[in-house]
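Let's take a walk through this one together. Have a look at the picture below, and then we'll start with one of its sheets.

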Amino acid sequence: MGNADLYVCKKCGYEFYAATGIGMLFPSLCKRTVDEIRAGKYREEWQKLLEEHADVKVNCESDFFVCEECGTPKTDLNLSMYLPVHLKKDIPYAMPADLKNPRKYKLLAEYTHRCDKCNGVCKLVDEQERSTLKCPECTGEMQVDISRLMYWD
Ligand SMILES: [Zn+2]
Ligand SMILES: [Zn+2]
């Protein structure tokens, strides 16, 4: 089940809704995402990697990113690619926790996310860094509005 947090700037009221993790529809989301990569929705390089590696797995978890240039946060599919360490019978998708286990998978290529606003490079932020998130509008302190905490899916 995915998490959904509403971040609110204490100073100017800027709101950012962050849905992260994986939802109930994860298997179909994975399938659709791989189809979209194959169809060229994402970078050409990703399309090629998918063609070259039959057993590649894509991390379809929704992750939290922040633009390194302008500080705008966003959530997006992780999209990094992994290869299984040991050959096994083909499975249609892999859970993110397995992908991050170096005994099971190794990272093939990390997807670079771009900011929708300024096209700057976005970096992945972990739980810890999320708590010190700054407002992209006024650099005020952002706080999770727990009264509106919810789960998606
Ligand atoms: Zn603000
Ligand atoms: Zn930006």
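A good place to begin is an open sheet of three strands, ordered S3-S6-S7 and paired in the antiparallel sense. Strands here are DSSP E runs of at least two residues, helices are H or I runs of at least four, and both are numbered from the N terminus; two strands pair if DSSP finds at least two bridges between them. The edges belong to S3 (57-58) and S7 (105-109), each of which has a single partner strand, so one side of each is left without a neighbour in the sheet.

Before going further, keep in mind that this is a predicted model: local features need pLDDT of at least 70 and side-chain atom pairs count only at pLDDT 80 or more, while totals for chains, interfaces and linings use all residues. Residues are numbered from 1 along each chain as its sequence is written, with chains lettered from A and ligands numbered from 1 in the order in which they are written.

Back to the sheet. Strand S6 covers residues 81-84 and is joined to S7 by four bridges, with the two running antiparallel. Opposite Pro-84, in S7, you'll find Tyr-105.

Now zoom in on Leu-83, which sits in S6. Is Leu-83 buried or exposed? Somewhere in between: Leu-83 counts as partly exposed because 16 C-beta neighbours lie inside 10 Å. (Buried takes 20 or more other C-beta atoms within 10 Å and exposed means 12 or fewer, using C-beta atoms placed from the backbone.) Leaving aside neighbours within four places in sequence, the contacts of Leu-83 include Val-56, Tyr-105 and Leu-108; a contact means backbone-placed C-beta atoms within 7 Å. Ala-54 is 29 residues away from Leu-83 along the chain, yet their C-alpha atoms are separated by 9.3 Å.

There's more strand pairing to see. S4 (residues 62-67) pairs with S9 (residues 121-124) in the antiparallel sense, over three bridges, and Val-66 has Lys-123 in S9 as its bridge partner. S9 also runs antiparallel to S8 (residues 113-114), joined by two bridges; here His-113 is matched with Cys-122. S8 and S9 make a hairpin with six residues between them, and Asn-119 in the turn has a positive phi of about 65°.

For a helix, try H1 (residues 26-38): its 13 residues reach 18 Å from first C-alpha to last, close to the expected 18 Å, which is 1.5 Å times one less than the number of residues. After H1 comes Gly-40, with a positive phi near 90°.

Finally, step back. The protein has four helices and eleven strands, and 22% of its 153 residues count as buried.

Terms used
Contact = placed C-beta atoms within 7 Å.
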